Amino acid sequence: MIEDFAQGHRHPDIVILTGAGISRESGLSTFRDADGIWSKVRIEDVATPEAFARDPDGVHAFYNERRRGMAGGAVAPNAAHEALARLEHEWPGAVTVVTQNIDDLHEKAGTGNLIHMHGEMLKARCEDCGHVVHWAGDMGRGDSCDACASIGAMRPHVVWFGEMPLEMERIYGLLDRCGLFLSIGTSGNVYPAAGFVQHVRRRRVARTVELNLEPSEGASLFAEAEYGPATEIVPAFVERLLEGK
Ligand code: APR
């Protein structure tokens, strides 16, 4: 099996894209499931730069509530997060997780090679000087930047709709070199992440696998797929991969 997808070597680099589905069994809501976040609040009201300019208090309140839900270890990584950390530590090739999630569950599980392409809920950025700082508590217009001291310029360090995701050049470089691309717990609704599989498919040597609760929008683009809860199918997939190394 390893030779099936290696680029002529036994342990190709692996890139893993994750979405909200991998954190669902840790108790965090997804976005587009029936009970998802976007069924309760409108993207236009809380997740665009225009919303923040129009109603900063409302946007802060949305992220303050989500930050409180993460506080004090209330939310823990699950077996799927832990399996990816194990893969990174035991696979002879490079393993990089590119997550759309803004929670810190991959870090808590021990993943080190990690890119938060949509930013991080527990960080804040100053709109005046660009300073980024860890921020676990509530945030509001009265807060000041500890780098430039400006007041009211702190915003969640989260990528909103209409903004450019982070580290895209580095991500495409990783996709160009990987021999295995895994997509876990994402509906394939939001670009550029939803287009990563097409980017990898341009090189026939790479293997593409979707691990999800149900077929995503991009399911037909993956050479292989397994469906079920992430805490079941991800550890099993990692086990098979490591057995074959
Ligand atoms: N195990 C595996 N997959 C699951 C589970 C589970 N227990 N529960 C749900 N899923 C799947 C759903 O079937 C769905 O395909 O996870 C996916 C979640 O899709 P979305 O809610 O659309 O979340 P995501 O794909 O991460 O959204 C991408 O959209 O709103 C923006 O910035 C936000 O990063 C987010 C981006």
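Strand E1 (14-18) and helix H7 (168-177) each put at least two residues into the lining of the largest cavity. Keep in mind as you click around that this is a predicted model. The lining itself is made up of Asp13, Ile14, Val15, Ala94, Thr96, Leu174, Arg177 and Cys178. Sort those by class and you get five nonpolar, one polar and two charged residues. The space inside comes to about 40 Å³, and the structure holds just one cavity of 30 Å³ or more.

Now let's move over to the ligand. There are 23 residues around the ligand, and Ala20, Phe31, Arg32, Thr186 and Ser187 come nearest. The class mix of this shell is eight nonpolar, ten polar and five charged residues.

Which atoms of Phe31 and Arg32 should you look at here? For Phe31, look at the backbone: one of its polar atoms there is 2.7 Å from an oxygen atom of the ligand. For Arg32, look at the side chain, where an N or O atom is 2.7 Å from an oxygen atom of the ligand. Gln100 joins in through its backbone, with a polar atom 3.2 Å from a ligand oxygen. As for how covered the ligand is, it would expose 730 Å² taken alone, and the protein buries 95% of that.

Next, the aromatic rings. Searching the whole structure turns up eight aromatic pairs. One of them is Trp38 with Phe62, a stacked pair with 6.3 Å from centre to centre and 20° between the planes. It's worth tracing the chain between these two, as the pair links distant parts of it: Trp38 sits in the loop between E1 and helix H2 (43-46), while Phe62 belongs to helix H4 (residues 56-70), and the two are 24 residues apart.

Finally, have a look at a couple of backbone oddities. Most residues other than glycine have a negative phi, and most peptide bonds are trans. Where does the chain carry a cis peptide bond? That bond joins Tyr191 and Pro192, with an omega of about 5°. You'll find Pro192 in the loop between strand E7 (180-184) and helix H8 (196-201). The other spot is Ala149, which isn't a glycine but still has a positive phi, at about 70°. Ala149 is in a loop too, this one running between strand E5 (132-134) and strand E6 (154-158).

Terms used. Residues numbered from 1 in each chain as written. Predicted model: local features only at pLDDT ≥ 70, side-chain atom pairs only at ≥ 80, totals over all residues. Heavy atoms only, no water. 1 Å grid on protein atoms, 1.4 Å probe; cavity = no way out; pocket = protein on both sides within 12 Å on 5 of 7 lines; lining within 4 Å. Points joined across faces, edges and corners; volume = space filled by probe spheres on them. Helix = DSSP H or I, 4+ residues; strand = E, 2+ residues; numbered from the N terminus. Nonpolar A, V, L, I, M, F, W, Y, C, P; charged D, E, K, R; others polar. Near = heavy atom within 4 Å. Polar contact = N/O pair within 3.5 Å; in protein donor to acceptor, adjacent residues only side chain to side chain. Areas by Shrake-Rupley, 256 points an atom, 1.4 Å probe, with all protein chains shown as cover. Phe/Tyr/Trp six-rings, centres within 6.5 Å; stacked < 30°, edge-to-face > 60°.
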